Amino acid sequence: MAVSLLGKAGRAPAARESGFAAHREGVERLLASYRAIPSDANVRLAKKTSNLFRARAENPAPGLDVSGLNRVIAVDPVAKTADVAGMTTYEDLVAATLPYGLAPLVVPQLKTITLGGAVTGLGIESSSFRNGLPHESVLEIDVLTGAGEIITATPDGEYADLFRGFPNSYGTLGYSTRLKIELESVQPYVALRHVRFHDVRALEAEMIRIVDERTYDGEPVDYLDGVVFTADESYLVLGRQTDEPGPVSDYTDMDIYYQSIRHDSTAPKRDRLTIHDYLWRWDTDWFWCSRAFGTQNPKIRRFWPRQYRRSSFYWKLIALDHKYNIGDKLEARKGNPPQERVVQDIEVPIERTADFVHWFLDEIPIEPIWLCPLRLRDTGDEPAAGDPGRPWPLYPLEPKRSYVNVGFWSAVPKQPGQREGAANRAIEDEVARLDGHKSLYSDSYYEKEEFTRLYGGGDIYPNLKKRYDPDHRLLDLYSKAVQRK
């Protein structure tokens, strides 16, 4: 439940204190659950749901009780900030901020992604070419460390090293209990233009220009992403905020958003959505992955309850598939080999986008694929002496350099004689060759030395572990992301 700072005179301070009092109760339950975990057991969250795709070993020890950390504590519409508990979903966060004409600077695509998860992992969306990644709009963060302490980390305080090292640590340095974040003003509608390209290199060139200039054909661009269907059919989707009233589309019923992007015209195809529906445009069909469940078949979709057309429900179906190997059993009945899961988001420098896309289309039989440009926020600050200019050491994107996130989520047939994860390993090799990285929410196969080079920040990560998890109550990043312990 959101607690607003707006209200009748004299009531705002009381409402704010009520929100923080409820949050303190949740933190106390969290600390009590930490103390109940045996000292020789790894500390984990007790979560019913997850947006991680990598498997992990069963843990018999009880988990951390985060049941009281799933709400927006307070929204300050004047300062354009929000205090948010770490397990709050973006669905609830957006519901609390939109009534004030505000939204987080970056709203990841799926409703059940949590703010804490997007910060300790990585989140991205179509505002990332101007607003960077979710952790860049964090002003301060309360963290339960591996040592069982709650500390407040800020960019310049005593725990600035943890503030910088927390992104991409995936809970191996601690868990966020509260985050104070910046918000931005948004208009009630988003006007869309779907621009078709017959050549991915032409798309790449136009994307580079838009990221730099933030305009297209005389109109501002506030949101930017894209979809590649084939080598000769790809699109940039350009969004412009507007308060101009008018008809809007609805892709939560029979119409499907990603299919609406496609067209044959040389001129951009135009569309309009409410800001709410724009932010969640991908969630109804989990981009295009709902087709695996038959949801895009009109005969099935008509009778599929609307409340179950969302990523959180598809997640439950995926979990059942993983538990009982349903997909492989169905393929076996058809005489087909088992499938290798290829569910990844990678980043390459923007000028290498076409190189990666062409390689991927030639080597990995998955389509469509998603494109989302990003750039670290330009604070205007010059790096201090000796600062390598990479402010987030566990995911070292270069400031003032543009990248593109490429997302692909499906499976490919396993080939006889190939080693485990052959397709994923090939992707890792190609991404490294192109000077890129990949997100760690799914299967990874790096050797430890290469993983440490890509995600360890030199001595930074070991020093952070030594300071904030001296007794190794939390798994280390390699064990969690690659060894899947």
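Reader: Which residues make up the network of salt bridges in this model?

Author: In this predicted model, the network links Asp 83, Glu 140, Asp 142 and Arg 178.

Reader: What makes the contact of Arg 310 with Glu 91 a salt bridge?

Author: The closest N and O atoms of the two side chains are 2.9 Å apart. The criterion is a nitrogen of Lys or Arg within 4 Å of a carboxyl oxygen of Asp or Glu, so the pair qualifies. Arg 310 is in the loop between α9 and α10, Glu 91 is in helix α2, and 219 residues separate them.

Reader: Why is Arg 310 called buried, and why is Glu 91 called partly exposed?

Author: Buried means under 20% relative accessible area. Arg 310 has 18% and is therefore buried. Glu 91 has 25%, which lies between the 20% and 50% limits, so Glu 91 is partly exposed.

Reader: How do you know that Glu 182 and Arg 377 form a salt bridge?

Author: Their N to O distance is 3.0 Å, and the limit is 4 Å. Glu 182 lies in strand β6 and Arg 377 in the loop between β14 and β15, so the salt bridge ties together parts that are 195 residues apart in sequence.

Reader: Why does Leu 330 count as partly exposed?

Author: Its relative accessible area is 44%. Partly exposed covers values between 20% and 50%, so Leu 330 belongs to that class.

Reader: What makes Leu 330 eligible for a nonpolar surface patch?

Author: A patch residue needs over 30% relative accessible area, and Leu 330 has 44%. Leu 330 joins Leu 320, Tyr 324 and Ile 326 in a patch of about 360 Å².

Methods
Residues numbered from 1 in each chain as written. Predicted model: local features only at pLDDT ≥ 70, side-chain atom pairs only at ≥ 80, totals over all residues. Heavy atoms only, no water. Patch = residues over 30% accessible without salt bridge, like charges linked within 9 Å, V, L, I, M, F, W, Y side chains within 5 Å. Areas by Shrake-Rupley, 256 points an atom, 1.4 Å probe, with all protein chains shown as cover. Buried < 20%, exposed > 50% of the residue type's maximum accessible area, 1.4 Å probe, protein only. Helix = DSSP H or I, 4+ residues; strand = E, 2+ residues; numbered from the N terminus.
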